[in-house]
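I am opening my notebook on a structure that I want to read slowly, one part after another. I write down only what I looked up.

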Amino acid sequence: MDEFAKKDLLHFYDVAVTSRLLVGTAQYPSPAILAEALRASHAEIVTVSLRREAGGGRAGESFWELIRSLGLRVLPNTAGCRTVKEAVATAQMARDLFGTPWIKLEVIGEEDLLAPDVFGLVEAARILCDDGFHVFPYTTEDLVVAEKLLDAGCKVLMPWGAPIGSGRGLNNLFGLRAMRAHFPDIPLVIDAGLGAPSQAAQAFELGYDAVLLNTAIARAGDPVAMARAFAAACDAGRTAFRALPMEPRDMAEPSTPVLGKAFT
Amino acid sequence: MKIVLNGEAFSAQSSDLDALLAELDYEPALVATAVNETFVRAKERSATPLREGDRVEILTPRQGG
């Protein structure tokens with residue numbers, strides 16, 4: 001890593017990280033490919049969940065052993081929770097098991113788009129923040145909701161790029177741009193909906209601090225190569241943002257000097 | 001005693017949550033627990049009696065996005 005990248009730390013609550021790519025651990029073809037893809041992504045933070053064991057199996061233990069062997073920081077989620085009560089109880093169980101105050105808070109409001117129930121989200125965020133959790137809320141680009149989440153105690157916001165698993169990229173560029181402008185000092189993470197590395201680069205070029213994705217890597221034909229591609233795209237987008245891109249303009253302007261041209 | 005374990009009927013021999021984990025051969029540090037939709041901390045399991053009809057959740061780490 002060069003000096004330029006080393007100085008570019010991102011703080012989530014009291015934790016500083018250098019990797020701005022957060023990666024989910026679900027849907028990979030095999031545990032071996034998951035491990036190799038996580039290494040290729042250079043992610044420092046991975047999302048995990050809590051589930052029942054099926055049929056008396058012990059899949060959870062071997063999965064947890066794999067994650068711990070990779071030395072990664074975990075961000076447990078409340079995926080699938082549809083009520084405040086479910087989300088709060090799941091967060092409490094996650095803290096007990098994973099030993100971290102971090103929680104990716106999802107309160108899902110409807111099935112078609114897996115859109116956040118922002119009313120339940122704010123309520124659950126307040127309960128959890130008051131209880132000492134460091135909440136990473138999965139939200140929309142709605143500024144009013146965002147203000148209420150910050151008021152509840154959240155110090156990170158994670159607006160969706162597009163619906164979970166859709167791979168549509170950044171659906172609402174105007175809204176995301178407005179969110180960045182409105183909260184210049186809050187860590188903002190695009191969570192969900194990214195399908196291609198170019199979309200991750202675009203998020204960074206908008207000034208977003210990090211991206212969180214799962215399906216785009218896990219369901220790629222070659223997850224390890226795609227993890228590498230996302231890592232490169234995140235680095236390119238972030239570096240470009242820090243390098244201050246030129247302003248677009250409507251008319252052409254010659255890049256080759258006009259002065260000294262022959263036949264004039 | 002008949003309880004509901006992870007959504008399915010189960011006939012438990014144990015009288016408290018800690019003993020139930022042992023009965024099921026779970027490693028206590030690798031699970032999270034709830035009874036009747038209320039979270040039960042690891043250190044509170046032995047003091048959490050099971051009663052007929054209780055709904056017990058035992059969750060383990062899993063892949064997530």
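The entries below go through strands, salt bridges and one charged side chain without such a partner.

**Entry 1: ground rules**

I note that this is a predicted model, in which local features need pLDDT of at least 70 and side-chain atom pairs count only at pLDDT 80 or more, while totals for chains, interfaces and linings use all residues. Residues are numbered from 1 along each chain as its sequence is written, chains are lettered from A and ligands numbered from 1 in the order in which they are written, and side-chain values use heavy atoms, with hydrogens and water left out.

**Entry 2: a sheet in chain A**

I looked up the strands first, taking helices (H or I, at least four residues) and strands (E, at least two) as DSSP runs numbered from the N terminus. In chain A, three strands form an open sheet in the order β6-β7-β8, and the pairing is parallel; two strands pair if DSSP finds at least two bridges between them. The edge strands, which pair on one side only, are β6 (102-105) and β8 (158-159) of chain A.

I then followed β6(A), which pairs with β7 (residues 134-139) of chain A over four bridges in the parallel sense. Opposite Ile103(A) in β7(A) I found Val135(A), and opposite Leu105(A) in β7(A) I found Pro137(A).

Which residues of β6(A) point one way, and which the other? Trp102(A) and Lys104(A) point one way, Ile103(A) and Leu105(A) point the other way, and all are buried, where buried means under 20% relative accessible area, exposed means over 50% and partly exposed is in between (1.4 Å probe, protein chains only). I added the general rule that side chains in a regular strand alternate between the two faces of the sheet.

Helix α5 (residues 118-130) of chain A lies across β6 and β7 of chain A and runs at about 175° to β7(A). Such angles run from 0 to 180 degrees between N-to-C directions, with axes as lines fitted to C-alpha atoms, for helices over the stretch in contact.

**Entry 3: salt bridges**

How many salt bridges does a search of the whole structure find? It finds 17 over all chains, a salt bridge being a side-chain nitrogen of Lys or Arg within 4 Å of a carboxyl oxygen of Asp or Glu.

I picked out Arg238(A) and Asp8(A), whose side chains meet in a salt bridge at 2.8 Å, N to O. This pair links distant parts of the chain, 230 residues apart, with Arg238(A) in helix α10 (residues 223-242) of chain A and Asp8(A) in the loop between α1 (3-6) and β1 (10-12) of chain A. Arg238(A) is buried at a relative accessible area of 13%, and Asp8(A) is buried at 9%.

Back at β6(A), I saw that Lys104(A) forms a salt bridge with Glu106(A), the closest N and O atoms being 3.2 Å apart. Glu106(A) counts as buried at 5% relative accessibility, and Lys104(A) is buried with a relative accessible area of 3%.

A further salt bridge joins the side chains of Arg126(A) and Asp151(A) at 3.2 Å, N to O. It links helix α5 of chain A, which holds Arg126(A), to helix α6 (residues 143-152) of chain A, which holds Asp151(A), 25 residues apart. Arg126(A) is partly exposed at 34% relative accessible area, whereas Asp151(A) is exposed at 57%.

**Entry 4: a buried acid in chain B**

I turned to Asp16(B), found in the loop between β2 (8-11) and α1 (17-23) of chain B. Asp16(B) is buried yet has no salt bridge, and the nearest side chain of opposite charge, Arg45(B), is 9.2 Å away; Lys and Arg count as positive and Asp and Glu as negative, while His and the chain ends are not counted.

What does the side chain of Asp16(B) reach? It reaches the backbone nitrogen of Asp18(B) at 2.9 Å.

Arg45(B) itself lies in the loop between β4 and β5 of chain B and is buried, with a relative accessible area of 1%. Leaving aside neighbours within four places in sequence, Arg45(B) is in contact (heavy atoms within 4.5 Å) with residues including Asp96(A), Asp16(B) and Thr33(B).

**Entry 5: around Thr33(B)**

Lastly I looked up Thr33(B), whose bridge partner in β5(B) is Ile58(B) and which stands opposite Val40(B) in β4(B).

Note on methods. Polar contact = N/O pair within 3.5 Å; in protein donor to acceptor, adjacent residues only side chain to side chain.
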